[in-house]
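Q: Please take a close look at one part of this structure, the charged pairs and the sheet some of them sit beside. Explain it for someone who has not seen it before.

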Amino acid sequence: MERKLSFRCLIALGTAALLLGTAAVPALAVAEEKSSPFDAPGVYRPSMPAGSEKDPLPKTSAAKKEVRGPSDPSYKMDVKYDSTKHQINGTLTVRFANNLGMEMKDIWFNVWANAETFRENGGVVEIHKVKVDGTAADFSLKGTGLHIKGLSIPENASAKVQMEFTVQVPEAQDRFGWYGTTVSLGNWFPILAVYDDEGWNVDPYYPYGESFYSLSGNFDVRLTTDKEQVVAATGTRIGKPKVSGKWAVHRFKAKNVRDFAIELDPTYKVKSGMAGKVKVNVYYTEKHAKFADAMLESGIESIELFSEKYGQYPWPELDVVSMEGWFGGMEYPQLIMMSLNDNRTEEWVKSVVAHENGHQWFYGLLGNNEYDEPWLDESFATFSAALYDGELEDYEVPPVDDPYYHLSSPVSAFTARGEEGIYAYYRMIYGYGASTLNDLREKLGDRRFYEGMQTYFQENLYGVTTTRDFIDTMERTSGEDLSQFFHDHRVYLSDQE
Ligand SMILES: [Zn+2]
């Protein structure tokens, strides 16, 4: 159990530290947090929890739906990836509506590709020009925060931000990086931050897990790259690649997705199958050919299983791509990255594909603030993999002893405790969280548990959920007061309030 728990959605550096056990503190996460430059008014700075056990607040009647915006983002990108320079150049245009209930005087983007962990490996992002509704705007990029200032976007108006940007892709076996012939473009472009009751959410990049948070929208992406590249991406391919000289132009469109990832490799082969009406494509290198069938089988079976248990996978396609490495897997909407090496087994590959596919529901379709409430996607994805693996009957992971760590703790609570905190993050957010959901399933019985999950899915599809939403839904659909259950499992609503 522990062995499996330690390999999901991690990235290389974090897992190395864990495996070696002696490596230095997760300096990156802590350093980025300390040097967080986001001290402008209205910017949300995560506060460190006091460390004492908190009582849950009274629930059910106090549920409130906060404003989250800017709403209805629609991205258009025209970018070129040059495989010899490992560089992306292009333009991004995003339209959105100002639903914040006030004039927008500034706006933030998260530029995750500019995180320190990537810069240490040769990556860097440059923003060259920014226009808002056609007029040049004042902006600054510091770390992963792009701040556009001096705006006056009226309440309820729609607006358009355009920028030119360059991304140097680092050499790394990572969700963002190139290695050998494979290029993994996760979190590679400036993405709108979310404004909610905490202000703008411009949290630090978390290299040991996920700290992403964005709203669902539409994407129209034109990618020019070397014509030999085989390209997998979020969304659906529009037309055939247009070849001109040494370049080919690919176009993809995606609806109701909160991110857009791309994977390229000129040596990729493709295997496909159907999960009902959903096409599942596996992109694999020759070296990983022995795992292609396992990836396809798990992709198809887990779409079918989770569609039945939670709600139908609504997108037309899912791509599972192989890459070199040992961090496990990473999910993006409609795209799963699998980092493989010779030590992997088919069983492991299937289980990790199922975990990442679980994230299509928990984060992809039902979004959450991964920095504030990481358990809302990670525990649910781990539970989903155990469901797929047929392991729920004897699934039991105890929490860490230290009551400082809650299941509902934000990422900052874990990073504040250095290496010990990173271990606690994996134990609590992956293992104990999945175990808690399984305890809830056993308490309510399969029928009431999955009915609750289906209601949770239908009511929050393409939206953003909170711990309060989940508890309220499960209480409402089951007709049970679950406050003692969640309290006993260290789920404290006061974390978010
Ligand atoms: Zn995960």
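**Salt bridges and a sheet**

A: Glu420 is partly exposed, with a relative accessibility of 43%. Its partner is Arg417: the two side chains form a salt bridge, with N and O 3.5 Å apart. Arg417 also counts as partly exposed, at 32% relative accessibility. A further group, made of Glu393, Arg441, Glu442 and Asp446, is joined into one network by salt bridges that share partners.

The model is predicted. Its average pLDDT is 88 for the chain, and 86% of the residues score at least 70. Residues 1-64 stand apart from this, with pLDDT under 50 throughout. The model still has 169 contacts beyond four places in sequence for that stretch. Where pLDDT is low, predicted coordinates should not be read in detail.

The chain has 497 residues, of which 62% are buried. Its secondary structure amounts to 12 helices and 25 strands. Of the contacts with a separation of 6 or more, 73% are between residues 24 or more positions apart. The accessible surface is about 18,200 Å², and carbon and sulfur atoms account for 50% of that surface.

In total the structure has 18 salt bridges. One of them joins Glu164 to Lys129, with an N to O distance of 3.9 Å. This pair connects distant parts of the chain, since Glu164 belongs to strand β9 (residues 158-168) and Lys129 to strand β5 (residues 124-132), 35 residues apart. Glu164 has 32% relative accessibility and is partly exposed. Lys129 is partly exposed as well, with a relative accessible area of 49%.

Another salt bridge is formed by Lys290 and Asp342, whose closest N and O atoms are 3.4 Å apart. Lys290 is in the loop between β22 and α5, while Asp342 is in the loop between β25 and α6, so this pair ties together parts that are 52 residues apart in sequence. With a relative accessible area of 48%, Lys290 is partly exposed. Asp342, at 53% relative accessibility, is exposed because the cut-off for that class is over 50%.

The strands β22 and β25 lead to the sheet itself. It is an open sheet of 5 strands with mixed pairing, in the order β21-β22-β23-β25-β24. At its edges are β21 (269-275) and β24 (329-332); each has a single partner strand, so one side of each lacks a neighbour in the sheet. On average, neighbouring strands in this sheet are turned by 15° against each other, direction ignored.

At one edge, β24 runs antiparallel to β25 (residues 335-340), and 4 bridges join the two strands. For Glu331, the bridge partner in β25 is Ile336. Helix α5 (residues 292-309) packs on the sheet and touches β21, β22 (278-284), β23 (317-324) and β25. The direction of α5 makes about 25° with that of β21. Helix α6 (residues 346-361) lies across β23, β24 and β25. Its direction runs at about 150° to β25.

Seen together, the Lys290 and Asp342 salt bridge links the loop that comes between β22 and α5 with the loop between β25 and α6. Both β22 and β25 are strands of the open sheet, α5 packs on that sheet, and α6 lies across strands including β25.

Methods: Residues are numbered from 1 along each chain as its sequence is written. This is a predicted model: local features need pLDDT of at least 70, side-chain atom pairs count only at pLDDT 80 or more; totals for chains, interfaces and linings use all residues. Side-chain values use heavy atoms; hydrogens and water are left out. Buried means under 20% relative accessible area, exposed over 50%, partly exposed in between (1.4 Å probe, protein chains only). Contact means heavy atoms within 4.5 Å. Accessible areas come from the Shrake-Rupley method with a 1.4 Å probe; for residues, only the protein chains shown count as cover. Two strands pair if DSSP finds at least two bridges between them. Axes are lines fitted to C-alpha atoms, for helices over the stretch in contact, and angles run from 0 to 180 degrees between N-to-C directions. pLDDT is the predictor's confidence in each residue, from 0 to 100. A salt bridge is a side-chain nitrogen of Lys or Arg within 4 Å of a carboxyl oxygen of Asp or Glu.
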